[in-house]
Amino acid sequence: MIDTHAHINFEDYTNNFDEVLNDIRNNDVSVVIIPGVEPSTFEEINEYCSRYEMLYGAVGIHPSEFQAYDDNAEKQIYEYLKNEKIVAIGEIGLDYHYGADTKEEQKLVLRKQLEIAEKTQMPVIIHDREAHEDTFNILQDYNLKDVIFHCFSGNAEFAKKCINKGYYIAIGGVVTFKNAKDLKEAVKIVPLEKLLLETDCPYLAPVPFRGKLNTPAYLKYIAQEIANIKNIDIEEVKKHTTLNAKKVFNI
């Protein structure tokens with residue numbers, strides 16, 4: 001399996017990094033993609049990806065860190081994208097849960113990074129929290145190679161809109177929560193060819209580890225829940241999501 005979104009460069013993991021990676025491999029995860037959050041993380045991600053074969057990365061500025069975007073940050077994004085192990089721009093997007101008073105600033109930074117994606121034809125990893133309509137509408141203004149809705153939080157209706165545009169839907173641990181009814185309904189209608197797996201660790205650990213430190217080693221619990229929802233074998237989920245990730249991120 002491929003974990004398409006895991007912050008394993010955070011301090012929670014780096015003190016015993018090789019042990020963490022061994023545990024991930026032992027739980028049927030062959031590749032982990034580390035997303036960027038703000039410029040100070042780019043070199044760290046780049047170094048991890050260069051050092052470990054199973055690690056790939058992305059560079060981008062999270063909507064909560066929009067103030068970090070400037071000419072130098074933009075230059076860094078272009079520069080790191082030259083590394084073949086840096087496979088996407090992200091995570092970028094809009095977050096109205098924590099940033100309702102900075103909507104316009106977030107939109108401006110999102111647009112600037114989508115311009116880079118359009119010029120480089122790199123896939124984009126989209127963070128969309130309580131901002132579905134604005135995020136979707138802004139994406140329509142750009143000719144983008146591939147769009148991944150990270151930690152998808154929409155309902156089935158929004159999932160259909162995204163699928164109709166060819167976007168990919170990345171599912172994380174929230175799908176295992178009992179109260180995630182809208183997300184479970186969305187998973188039902190998303191074709192396997194448009195699904196990706198992610199943990200978004202260290203956050204949102206799936207049941208039975210909810211509330212604890214998350215890890216890509218738990219990706220199988222997310223895959224199993226998707227299999228249960230779709231009434232198919234987990235091996236089908238593993239196969240399709242892995243092929244999708246390899247295709248989207250050119251792995």
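User: Is Phe152 buried or exposed, and what is its relative accessible area?

Analyst: Phe152 is buried, because its relative accessible area is 5%. The cut-off for buried is under 20%. Keep in mind that this is a predicted model.

User: How many aromatic pairs does the structure hold, and how do I read one?

Analyst: A pair of aromatic rings is described by the distance of the centres and the angle of the planes. The structure holds 14 aromatic pairs. Take Phe149 and Phe152: their ring centres are 6.4 Å apart and their planes stand at 75°, so this pair is edge-to-face. Phe152 also pairs with Phe158, and that pair is stacked, with 5.8 Å centre to centre and 10° between the planes.

User: Where do these rings sit, buried or exposed?

Analyst: Phe149 and Phe152 are both buried. Phe158 counts as buried because its relative accessibility is 8%.

User: Which residues do the ring pairs link into a cluster?

Analyst: The cluster consists of Phe136, Phe149, Phe152, Phe158 and Tyr167. Phe136 has a further partner: Lys161 lies over its face, 4.4 Å from the ring centre. Tyr96 has a similar arrangement with Lys103, which lies over the ring face at 4.6 Å from the centre.

User: Phe136 is in helix H6. Which residues of H6 are buried?

Analyst: In H6 (residues 132–139), the buried residues are Thr135, Phe136, Ile138 and Leu139. They lie on the same side of H6, because they cover an arc of only 165° around the axis.

User: What do the buried residues of H6 pack against?

Analyst: They pack against three strands and two helices: strand S4 (86–95), helix H5 (103–120), strand S5 (124–129), strand S6 (147–150) and helix H7 (156–164).

User: Now the strands. What is the order in the sheet?

Analyst: Strands of a sheet pair through backbone hydrogen bonds, either parallel or antiparallel. Here eight strands form an open sheet, ordered S1-S2-S3-S4-S5-S6-S7-S8, and the pairing is parallel. Strand S1 (2–3) and strand S8 (195–197) stand at the edges. Each has a single partner strand, so one side of each is left without a neighbour in the sheet.

User: How many bridges join S4 and S5?

Analyst: S4 and S5 pair over five bridges, in the parallel sense. Ile92 stands opposite Ile126 in S5.

User: Which strands do H9 and H10 touch?

Analyst: H9 packs on the sheet and touches S1, strand S7 (168–171) and S8. The direction of H9 makes about 150° with that of S8. H10 also packs on the sheet, touching S1, strand S2 (31–34), S4, S5, S6, S7 and S8. The direction of H10 makes about 95° with that of S8.

User: What about the backbone? Which peptide bonds are cis?

Analyst: Most residues other than glycine have a negative phi, and most peptide bonds are trans. The bond from Cys201 to Pro202 is cis, with omega near 15°. Another cis bond joins Val207 and Pro208, where omega is about 15°. Pro202 is in the loop between S8 and H9, and Pro208 is in the loop between S8 and H9 too.

User: Where are Asn231 and Asn250, and what is the phi of each?

Analyst: Asn231 is in the loop between helix H9 (219–230) and helix H10 (234–249). Its phi is near 55°, a positive value. Asn231 counts as exposed because its relative accessibility is 71%. Asn250 is in the segment after H10, with a positive phi near 55°. Asn250 counts as exposed because its relative accessibility is 69%.

Technical notes. Residues numbered from 1 in each chain as written. Predicted model: local features only at pLDDT ≥ 70, side-chain atom pairs only at ≥ 80, totals over all residues. Heavy atoms only, no water. Helix = DSSP H or I, 4+ residues; strand = E, 2+ residues; numbered from the N terminus. Buried < 20%, exposed > 50% of the residue type's maximum accessible area, 1.4 Å probe, protein only. Arc of directions from axis to C-beta. Contact = heavy atoms within 4.5 Å. Phe/Tyr/Trp six-rings, centres within 6.5 Å; stacked < 30°, edge-to-face > 60°. Lys NZ or Arg CZ within 6 Å of the ring centre and 35° of its normal. Pairing = 2+ DSSP bridges. Axes fitted to C-alpha atoms, helices over the stretch in contact; angles between N-to-C directions.
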